[in-house]
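User: Could you take me through one part of this structure closely? I would like to look at the metal site and learn the terms along the way.

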Amino acid sequence: MRDCSGCLIIPGLVQAHIHLCQTLFRGVADDLPLEDWLVRRIWPLEAVHTAETVYWSALLGAAELLLGGTTAILDMGTVRHTGAAFEALERIGLRATAGKCLMDAHPEGAPLELAESTDAALAEAELLAQRWHGAADGRLRVCFAPRFVPSCSGPLLRAASELAERFDAQLHTHAAETIVERETVLRTTGLEEIAYLDSVGLSGPRAAVAHCVWVDAHEIARLAQQATNVVHCPSSNLKLASGVAKVPEMLAAGCRVAIGADAAPCNNRLDAFAEMRLAALIQKPRHGADVLRAGQVLELATLGGARALGLEDEIGSIAVGKRADLVVLDLREPHLHPPPRDPVSAVVYAARPSDVRDVFVDGRPVVLGHELLTISVDAIVREADRCAAELRHAAKID
Ligand SMILES: [Zn+2]
């Protein structure tokens with residue numbers, strides 16, 4: 001029994017769009033729009049990843065997430081070494097659904113150093129599913145994760161959706177993040193992006209689609225009708241100047257919406273509290289102060305995330321029969337006083353990751369008294385810093 005007097009117990013926060021493989025790239029890709037960010041920084045750095053650097057990148061990100069009250073994520077890896085990320089997740093104790101990033105070479109062009117043949121990409125994704133789907137007593141699951149339409153052929157996207165069906169797994173991709181992407185997809189496929197994704201099987205409750213900034217009202221209606229999960233990433237969308245997703249319109253249309261910090265080089269935090277607060281604040285100038293109230297936002301970060309992971313019967317709320325993914329918030333600090341009249345308001349508008357005292361995943365303590373129990377944070381930081389320097393050197397980024 002642990003004394004939780006003076007504390008608030010909340011369901012573990014769920015972030016449904018994360019790239020743990022990019023945590024080592026924090027601070028090396030600031031102030032660039034998405035397309036330059038990918039071509040000049042992220043793809044060259046991902047291309048030189050080794051199993052060792054992916055492993056420590058995943059541990060660094062997972063440590064930040066757990067210490068900040070995130071207990072479950074939907075992750076997109078890089079093209080290679082996703083097994084090393086699973087080993088890190090197995091060790092550290094975070095609940096994760098993760099997938100190798102799928103990119104195949106085709107005319108519109110993924111970068112040559114990252115793209116694989118369609119068959120090789122699918123074969124490795126299937127092997128990963130056989131090894132990791134349901135591992136660690138079900139805490140780890142596999143998703144199939146085509147990066148985005150411009151880096152994937154139609155046959156790759158269709159096969160990914162078939163694999164997800166076969167393994168009873170989620171699909172995880174990006175869509176409609178920028179106006180450039182929207183125009184590229186329209187030009188190359190002849191369809192609007194949400195319609196194109198539907199035509200290749202990336203839709204419905206199994207699909208989690210990050211961003212969806214550049215969607216029209218009829219596409220929002222289509223996403224709602226499909227019950228596709230939209231993952232809203234407010235910090236990333238602002239920092240890359242992509243835009244502001246129409247979340248109030250999506251919720252009014254009946255869309256499923258989750259939130260995510262995206263990744264260290266485009267945020268630069270993996271902080272669920274920052275994403276909740278920002279998700280609420282950025283809509284208010286356009287729609288009025290009463291839009292996206294604290295209770296709605298907390299739901300996006302808990303049950304919304306659970307739905308995007310296909311785990312709404314297991315996590316996302318505190319209920320008899322659900323897994324005990326719990327976060328204990330210490331309310332002692334000045335920024336949480338006077339004592340909150342509305343605890344939900346305190347969580348969404350005032351709390352910070354440093355208020356997280358204890359974290360339980362599946363009933364197992366992973367953080368107690370602000371300390372990560374599963375692995376030394378000092379060791380993670382030391383090894384991650386060494387690996388990040390190696391990657392920058394290999395990718396010739398100073
Ligand atoms: Zn992303």
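Analyst: Here is a walk through the zinc site. This is a predicted model, in which local features need pLDDT of at least 70 and side-chain atom pairs count only at pLDDT 80 or more, while totals for chains, interfaces and linings use all residues. Residues are numbered from 1 along each chain as its sequence is written, and side-chain values use heavy atoms, with hydrogens and water left out.

Let's start with the ion itself. His17, His19 and His174 each coordinate the zinc ion through NE2, and Asp262 does so through OD, at 2.0 to 2.4 Å. Donors here are N, O and S atoms within 2.8 Å of the metal (3.2 Å for Na, K and Ca); water is not among the atoms, so sites may look incomplete.

Now follow the chain. The spacing of the donor residues in sequence is H-x1-H-x154-H-x87-D.

Next comes the geometry. The angles among the four donor atoms run from 86 to 174 degrees, and the site of the zinc ion is irregular. For that term, four donors count as tetrahedral if all angles lie between 85 and 135 degrees; four count as square planar and six as octahedral if opposite donors are over 155 degrees apart and all others between 65 and 115; anything else is irregular.

Finally, look at two of the histidines. Histidine 17 counts as buried because its relative accessibility is 0%, and histidine 19 counts as buried because its value is 3%. Buried means under 20% relative accessible area, exposed over 50%, and partly exposed in between (1.4 Å probe, protein chains only).
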